Amino acid sequence: MFEEKTVIVVGAGQAGATLVQRLRELGFAGRVTLIGAEPYLPYQRPPLSKAYLLGDMSLEGLTLRPQNFYDDFNIAVRCGVPVSGIDAQSRIITVGDDQLAYDHLALTTGSDPIRMPEALGGQLPGVHVVRGLADIDGLEPEIVAGRRVLIVGGGYIGLEAAAVCAKRGLDVTLVEAADRILQRVAAKETSDYFRSLHERHGVKLLEGSKLAHFVGNERVTGALLDDGTMLEADFVICGIGIRPNTVLADMAGLTLDNGIAVDVHAQTSDPHIWAAGDCASFPYQGNRIRLESVGNAIDQAKTVAENMLQSLKGTPLKDYVAKPWFWSDQYDVKLQIAGLNAGYDKIVTRDGGAVKSFWYYRGDQLIALDAMNDPRAYMVGKRLIDAGKSADPAIVADPTADLKQLMKR
């Protein structure tokens, strides 16, 4: 059934790779094409700033599936050939010199790193971003023990880069414009925990420090802060955020709202075009959000695959219900995050010495959790949050209490 139908997926990252695989698992027998702008098979991004940059993971280890997997599933993969046009009315995309027709199209185009403006020296050689494989391959030769690195941005990407550089023996300075690291994404307690961790490893953290511009002629040699402080550096890593890649969606005339706007079914304003992953914003608990995470990319892509087939059959579509989770590896600490902490008004700390967790509440409701080297707390907290249940703060705060009793309430 539907052997004559064609599905094209543009964006060969975690979401795109998951989507095409799921289509075949669900029995779709039509034509499936996965198109990626990078000259690589789909690969994992999170290890780029961790294990891969440390040299603990190879390109083969990064790759999600080998070529023979796509061959066996009859999935055409075109790498290194960016899509240059979409004619939504005719349902045709342009790839190089080819024009390809589709019945359903999925945009899993991900996001792009925010770069410092050229006027501020953002294009100087030696100024790097951390996003794709080419970025990391360009950065790796810079990471030599004894060199000075300046990291701009105290979010998770900047802190992970700082940890890698410190572990490899570099002199690391990190500049954060906000009053504290992780201010946009975590409570003060989590910021304090990671500030202490990095300072113990010799990282110099300059919080509340705004960058004026980079310094250098042929190559970056440092940076000037807005208070007149001059910082010398052999190279720079910018981790100041990402933006959803909406170029093709805009070209197709799709509705944009903090990314490619999709409905509860992951369908865009065009019923033949879907979106998933970092690039897509979707309804969540009365708001519209984007989730920049592997978990969301996988789960939303699976929903798209299922709903594409439901749409072809003319049967009701499935709602996408996000269950947010994230993680970050820094030194010997694994941070696991469940839920979204927006609107929290209370933090309950569970301090087990070697393990620690911070539990976010809105009123009496548990809404999120940051767990450091505490997989048990993370597991229990995530199950409660996903189920819409709360947790007794007294039990949470007692490190001798068995958290499993929270599941029985």
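1. In this predicted model, Leu 182 is placed in the loop that runs between β11 (171-176) and α7 (188-200). Although Leu 182 is not a glycine, its phi is positive, at about 60°, and a reviewer may wish to know whether the residue is buried or exposed. With a relative accessibility of 3%, Leu 182 counts as buried, because the cut-off for that class is under 20% relative accessible area.

2. A second residue with a positive phi is Ala 266, which is likewise not a glycine and has a value of about 70°. Ala 266 belongs to the loop between β18 (260-261) and β19 (273-275), and at 1% relative accessibility this alanine counts as buried.

3. Turning to helix packing, the axes of helix α1 (residues 14-25) and helix α9 (residues 294-313) come within 8 Å and cross at roughly 35°. The contact draws on Gln 14, Ala 15, Thr 18, Leu 19, Arg 22 and Leu 23 from α1, while the α9 side contributes Val 294, Ala 297, Ile 298, Ala 301, Lys 302, Val 304, Ala 305, Glu 306, Met 308 and Leu 309. By class, the residues of this contact divide into eleven nonpolar, two polar and three charged. As to handedness, α1 passes α9 in a right-handed crossing.

4. The structure holds seven aromatic pairs. In the pair of Phe 282 and Tyr 320, the ring centres are 5.4 Å apart and the planes stand at 70°, so the pair is edge-to-face. Which parts of the chain does this pair tie together? Phe 282 lies in strand β20 (residues 280-284), whereas Tyr 320 lies in the loop between α9 and β22 (325-330), so the pair joins parts that are 38 residues apart in sequence. Both partners can be described by their accessibility: Phe 282 counts as buried at 2% relative accessibility, and Tyr 320 counts as buried at 9%.

5. Another aromatic pair is formed by Trp 325 and Trp 327, whose ring centres are 5.8 Å apart and whose planes are at 20°, so the pair is stacked. Trp 325, at 26% relative accessibility, counts as partly exposed, and Trp 327 is also partly exposed, with a relative accessible area of 30%.

6. Phe 69, Tyr 70 and Phe 73 form one aromatic cluster, and the surroundings of this cluster can be read together with those of Arg 65. The charged end of Arg 65 sits over the ring of Phe 69, at 4.5 Å from the centre of that ring, and Arg 65 also touches Tyr 70. Arg 65 itself lies in the loop between α3 (59-62) and α4 (67-72) and is partly exposed, with a relative accessible area of 33%. When residues up to four places away in sequence are not counted, the residues that Arg 65 touches include Gln 21, Leu 41 and Pro 42. Arg 65 and Tyr 43, which are 22 residues apart in sequence, have their C-alpha atoms 7.9 Å apart in space.

7. A charge is also placed over a ring at Lys 346, whose charged end sits over the ring of Tyr 361 at 5.1 Å from the ring centre.

8. Tyr 52 lies in helix α2 (residues 51-54) and is buried, with a relative accessible area of 15%. Which residues is Tyr 52 in contact with, leaving aside its neighbours within four places in sequence? They are Pro 47, Met 57, Ser 58, Leu 59, Leu 62, Leu 133, Ile 136 and Asp 137. Tyr 52 can also be placed relative to Glu 140, which is 88 residues apart from it along the chain, with 9.4 Å separating the two C-alpha atoms.

9. Finally, Asp 374 is found in the loop between β26 (365-372) and α10 (375-386), and with a relative accessible area of 10% this aspartate is buried. Leaving aside neighbours within four places in sequence, Asp 374 is in contact with Gln 336, Val 355, Lys 356 and Ser 357. Asp 374 and Ala 178 are 196 residues apart in sequence, and their C-alpha atoms are 28 Å apart in space.

Key: Residues numbered from 1 in each chain as written. Predicted model: local features only at pLDDT ≥ 70, side-chain atom pairs only at ≥ 80, totals over all residues. Heavy atoms only, no water. Axes fitted to C-alpha atoms, helices over the stretch in contact; angles between N-to-C directions. Helix = DSSP H or I, 4+ residues; strand = E, 2+ residues; numbered from the N terminus. Left-handed = near helix turned anticlockwise from the far one by under 90°. Contact = heavy atoms within 4.5 Å. Nonpolar A, V, L, I, M, F, W, Y, C, P; charged D, E, K, R; others polar. Phe/Tyr/Trp six-rings, centres within 6.5 Å; stacked < 30°, edge-to-face > 60°. Buried < 20%, exposed > 50% of the residue type's maximum accessible area, 1.4 Å probe, protein only. Lys NZ or Arg CZ within 6 Å of the ring centre and 35° of its normal.
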